[in-house]
Amino acid sequence: MTARSAKAARPRPARRPSTVRKPRGGRTPSGPRGLHTRLRRAWDRPLTAYYLILGGSLLITVLGLVMVYSASQIKALQSGLAPTYFFRKQLLAAVLGGGLLLAASRMSVRLHRGLAYPLLAVSVFLMCLVQIPGIGVAVNGNQNWISLGGPFQMQPSEFAKLALVLWGADLLARKQDKRLLVQWKHLLVPLIPVAFLLLGLIMLGGDMGTAIILTAILFGLLWLAGAPTRLFVGVLGAATLIGALLIKTSANRMSRLACIGATDPGPGDQCWQAVHGIYALASGGFFGSGLGASMEKWGELPEPHTDFIFAITGEELGLAGTLSVLALFAALGYAGIRVAGRTEDPFVRYAAGGVTTWITAQAVINIGAVLGLLPIAGVPLPLFSYGGSALLPTMFAIGLLIAFARNEPAARAALAMRQPVFGRRQAGVRWKTMRRRVKKRPSGER
């Protein structure tokens, strides 16, 4: 026997049994590993996006109502109004917006697509009325409002965001069905000309903040449509050039650009609002000074209940409150991306992506301005700041996302399984038992 054969004939030592045992019967392991497994399963459930959109938007709206009431009392008293004046108007807008949210969440995709062209036409018509003297109303130097009588006003440019999302999604979906998006001319026309028409009408009133949001929606739609990099960079470069020209020709916009990262009000107090927003955040600490205990809202910080309500939130609720708001917006953005990524309907993908881009971009621009990282654009924090004209179309857009999340096949089946049957079958749901119901017979009869 050779050495090689003797070595091969030696018995191999038995392997030691593994100390990690697999759970029997598919049970979830305990400890941190089990917690991670349960969280991952809960995150991957069909109704996760539905609950995130519904719960996140309602929490943001309710917290916004609380902060509007707290931040607007001093402003109302200084204007000779009741302390609850702004809160009551915001509460009325929230109730109306809740009705719009419920209606949008129950509407079919076909009906949503049918609203695209009428909503676009009405938005363009109203924005044209804004420029007519005697009808349009100027607020803080921007003429983008229409008086509805009494204390109520409407900003048509807020509804233009929703109109661009629905109309652009319907246009791109129809062209994708006909396989026309591979051609540049069909990708750009008429989407770019109509978007530029809306932007021109908005800029006639001087509202560059809303124009930036509308541009972000346009870029989001082009990105979802698979625009080539050269085309995307070209449109982005043109928009940047136009924006730089508009900023350069306006002293007010140049002063806002100069206030990025400012720690001193500067000459003429041109950075007063930006600096006092930082003061409010810095004085809040980890848990804030308490609800209603803000000092900056006593005439120091302009617009405490609208553009800079996030600063008052940081002062009264502290870092914990601001991080909670950021977490809610992050969850809402993730849910919108998830809805857009899991659908096979092109209209749902474009509309969900457009709404998510709209809300996320507006939140980033508002919070970035309060933190001193971006110029003050004058846009409200979605669902949170005071303003019925901004709240109503945003809540309708949230209802749009809820409808899309409900209509996913897996989510629809999960919702159908949770509804009570009451003796009748539901569409797409089978009985889990094959037993037939028979009448009870007398004892002894077989």
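Q: A salt bridge is a side-chain nitrogen of Lys or Arg within 4 Å of a carboxyl oxygen of Asp or Glu. With that in hand, which residues are linked in a network of salt bridges here?

A: Good place to start, and please keep in mind that this is a predicted model. The network links Arg113, Asp170 and Arg174. In one of its pairs, the side chains of Arg113 and Asp170 meet with an N to O distance of 2.8 Å. That pair links distant parts of the chain, since Arg113 sits in helix H5 (residues 109–114) and Asp170 in helix H7 (residues 156–177), 57 residues apart. Arg174 also forms a salt bridge with Asp170, and their closest N and O atoms are 3.2 Å apart.

Q: How many residues apart are Arg174 and Asp170 in helix H7?

A: They are 4 residues apart in helix H7, so about one helical turn separates them.

Q: Which members of the network are buried, and which are partly exposed?

A: For this step you need the cut-offs: buried means under 20% relative accessible area, exposed means over 50%, and partly exposed lies in between. Asp170 has a relative accessibility of 5%, so Asp170 counts as buried. Arg113, with a relative accessible area of 22%, is partly exposed. Arg174 is at 32% and therefore counts as partly exposed too.

Q: How many salt bridges does the structure hold?

A: There are 4 salt bridges. Including the pairs above, you can also look at Glu158 and Lys161, whose side chains meet at 2.9 Å, N to O. These two are 3 residues apart in helix H7, so they are separated by about one helical turn. Both Glu158 and Lys161 are buried.

Q: Now a charged residue without a partner: what is the nearest side chain of opposite charge to Glu315?

A: That is Lys297, 7.9 Å away; Glu315 is buried yet has no salt bridge. Glu315 lies in helix H14 (residues 309–342). To see what surrounds Glu315, set aside its neighbours within four places in sequence; the contacts are then Ala280, Ser283, Gly284, Gly288, Ser289, Ser294, Met295 and Glu296.

Q: Let us turn to strands. What is the order of strands in the open sheet?

A: Here is the general idea: strands of a sheet pair through backbone hydrogen bonds, either parallel or antiparallel. In this structure, an open sheet of 3 strands runs in the order E1-E2-E3, with antiparallel pairing. Strand E1 (136–139) and strand E3 (153–154) stand at the edges with a single partner strand each, so one side of each has no neighbour in the sheet. Strand E2 (residues 142–147) pairs with E3 in the antiparallel sense over 2 bridges. If you would like a register to check by eye, Ser147 stands opposite Gln153 in E3.

Q: One last feature: what is the volume of the second largest pocket, and which helix gives the most to its lining?

A: The second largest pocket has a volume of about 430 Å³. Its lining has 19 residues, and those closest to the centre are Ile212, Thr215, Ala239, Thr240 and Gly243. Helix H11 gives the most to that lining, with 7 residues. At least two lining residues come from each of helix H9 (191–204), helix H10 (208–224), helix H11 (229–248) and helix H15 (346–370).

How values were computed
Residues are numbered from 1 along each chain as its sequence is written. This is a predicted model: local features need pLDDT of at least 70, side-chain atom pairs count only at pLDDT 80 or more; totals for chains, interfaces and linings use all residues. Side-chain values use heavy atoms; hydrogens and water are left out. Buried means under 20% relative accessible area, exposed over 50%, partly exposed in between (1.4 Å probe, protein chains only). Lys and Arg count as positive and Asp and Glu as negative; His and the chain ends are not counted. Contact means heavy atoms within 4.5 Å. Two strands pair if DSSP finds at least two bridges between them. On a 1 Å grid over the protein atoms alone, a cavity is a set of points where a 1.4 Å probe fits but cannot get out, and a pocket is an open set with protein on both sides within 12 Å along at least five of seven lines; lining residues have an atom within 4 Å of a point. Grid points are joined across faces, edges and corners, and a volume is the space filled by probe spheres set on the points.
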